[in-house]
Every structure is written in C-alpha cells, then in structure tokens.
Amino acid sequence: NTVHQLTGSGRGVLGDRKTFEVDHKYGKYYLKGTSRGGGIKTYNAYHVIYESQLPGTMVSSKTNYFLDGAAVDAHAYAEKVYDYFKNVHGRNSYDGNGAPVISSVHVGRNWNNAAWIGTQMVYGDGDGIVFRPLSGALDVVGHELTHAITEKTANLEYHNESGALNESISDIFGAMVDSGDWLLGEDVYTPKQSGDAFRSMSNPTQYDQPDHYSRYVRLPDTPDGDYGGVHINSGINNKAAYLLAEGGTHYGVNVTGIGRAKTAKIYYRALTLYLTSRSTFADMRQAAIKAATDLYGSASQEVQSVKNAYSAVGVY
Ligand SMILES: O=C(NO)[C@]12CC[C@H](CC1)C2
Ligand SMILES: [Ca+2]
Ligand SMILES: [Zn+2]
C-alpha cells in the first residue's frame with residue numbers, strides 16, 4: 001500500500017536538523033503523517049487552559065520547514081518510537097491495532113514534566129533550569145508511549161510495586177529506543193549542567209533510587225508519596241534489566257549479560273503475556289523467567305541470567 005509520503009524538516013529542541021512525515025492541505029503543511037498505523041499528529045497546546053481543550057491546534061507551517069523545536073521533536077521521535085515497536089516487536093502502535101499517536105507540546109506553563117494521559121502524550125516546556133522542553137529527549141518520548149502500551153497490556157496499577165514496575169518498564173523501553181546509553185532524560189535535564197541525567201539504570205543510586213530490594217522505599221500511596229514511590233523504587237527493576245543486558249557483579253552476584261536486543265524481547269514478552277495489573281517484583285522475576293524460557297529454552301544462558309539478575313537485586 002504505497003502511501004505518498006510528504007517530507008518536512010526542522011530543527012529539534014537541541015538545534016539538530018531532522019526530517020519527518022507531513023501533510024499538505026489548503027496551502028499549508030501540517031505535522032501529520034498517515035503512513036504509520038492510524039497516523040501520527042502533533043499539536044500546539046500553548047493557549048490551552050483546561051485538559052478538555054486538548055490536543056490544541058495541529059502544528060502547521062506555510063512551507064515544509066518547521067520552526068517549533070519542541071513540536072519537531074515530539075513528532076519525529078513519535079515516528080521513531082512507533083517504528084521501534086513495529087519493526088522490533090511487531091506491534092502496530094500502542095494498542096497493537098494502529099491507534100493514532102497524538103502529542104501536544106507547550107502544555108502548561110514552564111511545566112517540568114511529560115505524561116501519557118490515557119488518550120495522548122503531553123509535554124511541558126520545562127522552566128529552563130530543571131528541564132528544557134521535554135519532547136527533546138527520545139528516551140522520554142519512548143518512556144511516555146510505553147506507558148500507553150503498558151496500559152493496553154498488563155495495565156500495571158500505578159502505585160506501590162506494580163506502579164514501580166510500570167515506571168521501570170517505561171524506562172527500559174525508553175532506554176532501548178534511545179539505544180546509546182542507560183540514562184533517562186539526559187538530553188533535556190538541567191540545560192545549564194552537562195553530564196547529568198534524571199535517572200540512571202546502570203547506577204540508580206546516583207540519582208537517589210534504590211538498586212536492591214532491601215533498599216525498597218516505603219512511601220504513602222498518595223500523590224505526595226509518589227503513589228508509594230513509583231519513580232523511586234523503579235530503580236530496583238531498572239538495575240535488574242541493566243544487569244541482564246550488560247552483565248556485572250552486584251552485591252556479590254555475577255550476571256552474564258545477554259545484550260540489549262534479547263533483554264528487550266524478554267521484557268516485551270513478559271509485559272504483553274505474563275504481567276498483570278497487580279504484579280509484584282516477585283511476579284516480575286517469574287514473568288521474565290517464563291518469557292526467557294519461551295524464547296531461549298529452560299536450560300539457556302538467557303534464563304540463568306534472568307535468575308541471576310533478579311537475585312542480584314534481591315528479588316526472588
Ligand atoms: O517518569 C516520568 N513520568 O512518569 C517522567 C519524569 C521526567 C521525565 C518526563 C516524565 C520522565
Ligand atoms: Ca538516554
Ligand atoms: Zn513514567
């Protein structure tokens with residue numbers, strides 16, 4: 001089915017030039033691609049006050065060159081994340097059935113955050129101190145779209161251990177799509193300070209996350225308690241995933257790395273077939289073992305490494 005793709009271009013948040021699919025109508029170009037599933041569309045929510053006014057106004061330009069860096073990155077990175085899940089995992093959009101991917105940028109006022117709100121992605125501009133516009137990080141876009149996939153599959157409840165797994169799964173696929181490192185948000189975090197990140201999967205403790213179950217942080221299941229510390233305790237499962245891919249010795253336990261690609265396949269299969277809405281960390285260990293067994297056999301190195309990675313972070 002040859003779809004006539006129109007190509008637009010622009011510079012992203014970091015000033016880097018990129019190209020992406022656009023639409024042309026009534027003499028204007030739009031950030032709307034139709035060749036991926038039900039389409040990828042990017043909106044400007046600058047004037048939006050209430051959530052009911054989302055997504056806002058579809059981003060347009062008189063030419064096929066776009067000047068809004070946050071919009072350029074939200075659109076181009078949504079294409080990359082769509083392509084990753086389609087080409088690597090055979091999944092057609094976040095629902096597996098070609099759901100349109102909708103993003104809004106310039107949401108809120110200097111909002112230091114981004115989110116999947118159940119129907120679309122929303123990105124703040126950041127305050128220029130803590131964050132620059134958050135769609136400028138491919139791992140953030142991957143993180144948010146993975147929340148949508150999780151919601152459509154395991155639907156891990158967003159609190160306590162299942163919520164920490166929900167967060168970790170989003171970090172894992174954010175890191176897989178942004179395949180150069182094990183950091184999260186490094187491209188948009190603290191623009192005035194180089195070399196730091198919002199989270200580290202290779203060394204969660206660097207940004208005050210636990211890297212062992214014995215260090216699990218019990219917090220109230222309230223907004224102020226980060227719903228039981230979902231963005232804190234995700235470090236434990238993040239460390240396990242990092243060890244599974246790269247290997248290492250952690251708290252005296254040796255893990256033989258199996259590489260990023262196999263690690264991604266194990267977590268994708270665990271997420272879509274074995275995890276459920278109330279899965280605990282112990283359930284995560286079993287789901288990963290089952291997925292690795294399906295994929296590589298019960299006597300495989302991959303299965304042994306899954307067991308060792310979870311033992312290394314104190315999850316049995
Ligand atoms: O973890 C997150 N949301 O659940 C973050 C927080 C900062 C980045 C954008 C959104 C990641
Ligand atoms: Ca990264
Ligand atoms: Zn998240």
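These are my notebook entries on the domains, one sheet and the empty spaces of this structure, which is a predicted model.

**Entry 1: domains**

I started with the domain assignment, which splits the chain into domain 1 (1-152) and domain 2 (155-316). I then looked up how far apart they sit: their centres, taken over C-alpha atoms, are separated by 26 Å. For the contact between them, I noted 26 residues from domain 1 and 30 residues from domain 2.

**Entry 2: the five-stranded sheet**

Next I went to an open sheet of five strands and wrote down its order as β7-β3-β2-β1-β8, with mixed pairing. Which strands stand at the edges? They are β7 (60-61) and β8 (65-66); each has a single partner strand, so one side of each has no neighbour in the sheet. I also checked what packs on this sheet, and found helix α1 (residues 69-89) touching β1, β2 (17-25) and β8. The direction of α1 makes about 90° with that of β2.

Then I took the pairings one by one.

- β1 (residues 6-11) and β8 run parallel and are joined by two bridges. Here I found Ser9 opposite Tyr65 of β8.
- β1 and β2 run antiparallel, with six bridges between them. Thr7 has Glu21 in β2 as its bridge partner.
- β2 and β3 (residues 28-30) also run antiparallel, joined by three bridges. Asp23 stands opposite Tyr30 in β3.

I had a look at the turns too. The hairpin of β1 and β2 has five residues between the strands, and Gly15 there takes a positive phi near 85°. In the hairpin of β2 and β3 there are two residues between the strands, and Tyr26 has a positive phi near 45°.

**Entry 3: the largest pocket**

On to the empty spaces. I got a volume of about 530 Å³ for the largest pocket. Which residues lie nearest its centre? Out of 24 lining residues, I wrote down Ala114, His143, Glu144, His147 and His231. By class, I counted eleven nonpolar, nine polar and four charged residues in this lining.

I wanted to know where the lining comes from. β10 (114-116), α2 (138-152) and α3 (160-177) each give at least two residues, and α2 has the largest share with six. Going back to the domains, I saw that domain 1 and domain 2 each contribute at least three residues to the lining of this pocket.

**Entry 4: the second largest pocket**

The second largest pocket holds about 150 Å³ of space. I listed its lining, which includes Ala45, Val48, Ile49, Tyr50, Glu51 and Leu54. Further along the chain, Val107, Gly108, Trp111, Ala115, Ile117 and Val122 also line this pocket. The lining has ten nonpolar residues, one polar and one charged.

**Entry 5: the cavity**

Last, I searched the whole structure for cavities of 30 Å³ or more: how many are there? The search gave one, and its volume is about 30 Å³. Its lining is made of Val81, Tyr82, Phe85, Arg91, Ser93, Tyr94, Leu145 and Ile149. Both α1 and α2 give two or more residues to the lining, and the largest share, three residues, is from α1. So that I had the classes as well, I noted six nonpolar, one polar and one charged.

I closed by noting two elements that turn up in more than one entry. Helix α1 packs on the sheet and also supplies residues to the cavity lining. Helix α2 likewise gives residues to the cavity lining and to that of the largest pocket.

Technical notes:
Residues numbered from 1 in each chain as written. Chains lettered and ligands numbered in written order. Predicted model: local features only at pLDDT ≥ 70, side-chain atom pairs only at ≥ 80, totals over all residues. Heavy atoms only, no water. 1 Å grid on protein atoms, 1.4 Å probe; cavity = no way out; pocket = protein on both sides within 12 Å on 5 of 7 lines; lining within 4 Å. Points joined across faces, edges and corners; volume = space filled by probe spheres on them. Helix = DSSP H or I, 4+ residues; strand = E, 2+ residues; numbered from the N terminus. Domains from an automatic or database assignment. Pairing = 2+ DSSP bridges. Contact = heavy atoms within 4.5 Å. Axes fitted to C-alpha atoms, helices over the stretch in contact; angles between N-to-C directions.
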